[in-house]
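Reader: I should be grateful for a close look at one part of this structure, beginning with a single residue and moving outward from there. Please explain the reasoning at each step, as I am new to reading such models.

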Amino acid sequence: MELVKEIASKGPESQGNIAIRVDEKSYTYLQLISSASSISSLLSNLDPKIGNGVKRNVDLGGARVGIIAKPCAEFVAGILGTWLSGGVAVPVALSYPVTELLHVMNDSGISVILSTDDPQELPYQKKVHQELMNTLAVKTGACLSLIPPIPSAHLSAKHDHAKVMVSDGPRNILETRNCGEDPALILYTSGTTGKPKGVVHTHKGILAQVQILAEAWEYTSKDQFLHCLPLHHILSSIFSQNVLSVFHFLHSYLSYGT
């Protein structure tokens with residue numbers, strides 16, 4: 001969370017640097033945090049306990065938010081948006097069988113599902129995905145919301161996100177409380193030797209990993225990272241958390257494969 005605040009506090013020039021490249025598209029730090037702020041507004045105006053009910057500007061208070069989507073910029077924004085709204089992100093493998101998806105969701109207590117609508121999917125693929133998400137929502141009693149697509153950097157270069165990023169949503173990003181020992185992520189094991197088991201990571205723990213490895217690996221502003229693991233994978237998630245340390249440099253680039 002401190003890293004999110006840091007990038008939000010920088011000037012437009014730094015915020016406009018590329019953070020992620022995927023599928024021949026580029027996304028800036030500004031776009032990621034702006035999207036995260038919009039997602040935070042969406043989450044904070046939902047009441048997870050009553051499904052489609054609405055409450056205004058509610059801190060989720062540690063509610064579990066499942067991120068069930070293909071690797072994409074929206075996946076990253078979904079995790080950041082969950083943190084901004086006071087929730088705990090639970091990245092879930094879209095490739096899991098329904099039984100394992102339900103196990104992870106019930107075990108972690110997911111009350112909100114965030115997913116995406118992939119414009120590259122064929123109509124029948126979209127239908128299958130939507131039916132799966134609806135089934136999971138019905139069987140677990142969770143709310144289902146789609147993460148708004150993030151336009152590629154060159155398509156939104158003229159749009160001023162800076163004011164939106166810093167001030168949009170239920171609270172000013174720079175004024176978001178220090179989360180410290182609050183849970184940030186619940187990552188699940190692969191389930192090779194039994195049912196997948198959840199491991200809780202705190203905001204303080206994630207920040208410590210970022211700081212330690214940034215120093216140990218001596219990241220510089222010229223580094224680029226090829227990220228090929230699924231974003232729900234524990235090694236991938238740890239790597240992704242470490243890559244967030246490029247916020248300290250504000251000129252680094254992250255590339256990952258799908």
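Author: Ala153 sits in the loop between S6 and H7, in what is a predicted model. Ala153 counts as buried because its relative accessible area is 15%, and the cut-off for buried is under 20%. In sequence, Ala153 is 126 residues away from Tyr27, yet the C-alpha atoms of Ala153 and Tyr27 are 5.1 Å apart in space.

Pro149 belongs to the loop between strand S6 (143-146) and helix H7 (162-167) as well. With a relative accessible area of 65%, Pro149 is exposed, since exposed means over 50%. Pro149 also has a partner from elsewhere in the chain: Cys72 is 77 residues away in sequence, with 9.8 Å from C-alpha to C-alpha.

Cys72 leads to the largest pocket. The space in this pocket comes to about 490 Å³. Its lining consists of 25 residues, of which Asp23, Cys72, Glu74, Asp118 and Pro119 are the closest to the centre. Two or more lining residues come from each of strand S2 (25-28) and helix H4 (73-84). Sorted by class, the lining of the largest pocket holds 13 nonpolar, 7 charged and 5 polar residues.

Asp23, one of the residues closest to the centre of the pocket, deserves a separate word. Asp23 lies in the loop between strand S1 (18-22) and S2. Most residues other than glycine have a negative phi. Asp23, however, has a positive phi of about 50° and is not a glycine. Glu24, in the loop between S1 and S2 too, has a positive phi near 65° and is likewise a residue other than glycine. As to accessibility, Asp23 is partly exposed because its value is 42%, whereas Glu24, at 86%, is exposed.

We may now return to the strand that precedes the loop of Ala153 and Pro149. In a regular strand the side chains alternate between the two faces of the sheet. S6 shows this alternation: Cys143 and Ser145 are buried and point to one face, while Leu144 and Leu146 point to the other face and are not buried. S6 runs parallel to strand S5 (residues 110-115), and 4 bridges join S5 and S6. Within this pairing, Ser145 of S6 has Leu114 opposite. Between S5 and S6 the chain passes through helix H6 (residues 123-140), in a β-α-β crossover that is right-handed.

On the way from S5 to H6 the chain forms a loop that contains Glu121. Glu121 is a charged residue by class, but its relative accessibility is 13%, so Glu121 counts as buried. The side chain of Glu121 is in polar contact with the side chain of Lys70, at 3.3 Å.

A further strand pair offers a contrast in direction. Strand S7 (residues 183-188) and strand S8 (residues 198-202) run antiparallel and are joined by 5 bridges. One of the paired residues is Pro183, whose bridge partner in S8 is Thr202. S7 is mostly covered, with 5 of its 6 residues buried.

Key: Residues numbered from 1 in each chain as written. Predicted model: local features only at pLDDT ≥ 70, side-chain atom pairs only at ≥ 80, totals over all residues. Heavy atoms only, no water. Buried < 20%, exposed > 50% of the residue type's maximum accessible area, 1.4 Å probe, protein only. 1 Å grid on protein atoms, 1.4 Å probe; cavity = no way out; pocket = protein on both sides within 12 Å on 5 of 7 lines; lining within 4 Å. Points joined across faces, edges and corners; volume = space filled by probe spheres on them. Pairing = 2+ DSSP bridges. Right-handed = clockwise from strand over helix to strand, strands pointing away. Polar contact = N/O pair within 3.5 Å; in protein donor to acceptor, adjacent residues only side chain to side chain.
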